Amino acid sequence: QIVSGSAIELTTTYLTADLFNLKYAQSADTLYITHPSYPPRKITRTSDTAWTITSITFKDGPFLNTNTTATTLGLSAKTGSVTVTASAITGINAGTGFQTTDIGRQIRWEDAAGNWTYLTITARGSTTSVTADIDGPDASATSVVWRLGVWSETTGYPAAVTFHQNRLVFAGPTDNPQRIDMSRTGDFENFAPTEADGTVVDDNGVTDTLSADTVNVIRWLADDEKGLLSGTVGGEWVTRSSTAGDVVTPSNVQSKRSSAFGSGNIQPARAGRALLFVQRALRKVREMSFVFQDDGFVSPDLTLISEHITQTGVIDMAYQPEPQSLLWVCLTESRRLPGGADTLWVALVMQRERKPRSRALQLYQTPWARPTSYTSWSNATSMAQPSGSLSISSHTGLMLQTTRMLSLWTAVCR
């Protein structure tokens, strides 16, 4: 953000190579960010000059399935910092026991009376012993009923995030790439799967796993009035209630495949009631929208007429609703232009005009020298079409044009 002519900067641990794998979802002054190699973080703005980026302290989850082995976990005290001792390594990290990379990971633990609490690991003593803080209700004794947290440095972190039906949704952690986790309703950082006494209510956290005959790594998530949309390597999915018109709850959630095009690892862009996403090979942009006649989603190829435009591969994209409805698409380009310049980076701008039974394509191109690094890109304020543009083809309804690209990262964080 620019304040009084000076830029406000936040120091992060993300590397330049990580930027295009970041996914984000914003609620008012809070932006949630995911990357499969980092714990989820949030950028919070409390005033024009006060911005912070922090790791998120989640409450009660999400967790893996309940332990089914004979391994027990014993706690040394009822409250505060306790020592957690396992009777064996079986059932813990595929039989390898606790690891140093489990620090920060949660444990959910049930006592003999059926009451649950949760703890956060703060130190690792051995493969069968860790130190943890009890963050939930008081606990005691030894139990065979426990669950380990889904996210950790050991198991990986979620790769995608969005909001859906007043829940914060994460998906695609490294060790569970087809898994979706939704927070409690209206409590975005609380993923409790049950109440403390073990009962399940409608606003508890929701978990679902995409069931398919191939591994479908989740690349992106998007909210839609017809359900939660997921883009995976093998296809596009819709997660919603098993009863039409109902909100999603722990007892009625279901996921079904909508199409099998496969999605690239690029955040989709919402354009009106449609969702624009890049196909797996990064050369096609598809428009996913619900069609009443089909009672389902369709995803036609918007680059069908001029496939050569994106043949070098799309890197990222961002939607601009005003003053014109435009989709900015950044792609790599190796092309010899007049004057001998080659190895260029260009940006595509897409405009979709709704006209009955009409689609069109128009391309404008201008040379743009590739910068030495992304951090050197300027945050341009003008998005005007450059002079001397070359019209390649022209129809009615869809327009693609290339112009000088904004700094992707700066634009995303504005």
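**A four-stranded sheet and its salt bridges**

Leu-275 stands opposite Met-288 in β24, and this facing pair is a convenient place to enter the structure, which is a predicted model. Leu-275 belongs to the stretch covered by strand β23 (residues 274-278), which pairs with strand β24 (residues 285-291) in the antiparallel sense over four bridges; strands here are DSSP runs of E with at least two residues, numbered from the N terminus, and two of them count as paired if DSSP finds at least two bridges between them.

Both strands are part of an open sheet of four, ordered β22-β23-β24-β25 with antiparallel pairing. Its edges are formed by β22 (269-271) and β25 (296-298), each of which pairs on one side only. From one strand to the next the twist averages 30°, taken between axes that are lines fitted to C-alpha atoms, with angles running from 0 to 180 degrees between N-to-C directions.

From edge strand β22 a salt bridge, meaning a side-chain nitrogen of Lys or Arg within 4 Å of a carboxyl oxygen of Asp or Glu, leads away to another strand. The side chains of Arg-270 and Asp-224 meet in this way at 3.3 Å, N to O, and the pair links distant parts of the chain, with Arg-270 in strand β22 and Asp-224 in strand β18 (residues 218-224), 46 residues apart. Arg-270 is partly exposed, at a relative accessible area of 27%, whereas Asp-224 is buried, at 10%; buried means under 20% relative accessible area, exposed over 50%, and partly exposed in between, with a 1.4 Å probe and protein chains only.

Across the whole structure, a search finds ten salt bridges. One of them joins Glu-195 to Arg-184, with the closest N and O atoms 2.8 Å apart; both residues lie in the loop between β16 (179-182) and β17 (206-209), so the pair ties together parts that are eleven residues apart in sequence. Asp-181 and Arg-179 also meet through their side chains in a salt bridge of 2.8 Å, N to O, and both of these residues are buried. Elsewhere, Asp-29, Arg-45 and Asp-48 are linked in a network of salt bridges.

The mean pLDDT of the protein chain, the predictor's confidence in each residue from 0 to 100, is 81, and 79% of the residues reach 70 or more. Over residues 340-414, however, pLDDT stays under 50.

Residues are numbered from 1 along each chain as its sequence is written, and side-chain values use heavy atoms, leaving out hydrogens and water. Because the model is predicted, local features need pLDDT of at least 70 and side-chain atom pairs count only at 80 or more, while totals for chains, interfaces and linings use all residues.

Terms used: Contact means heavy atoms within 4.5 Å.
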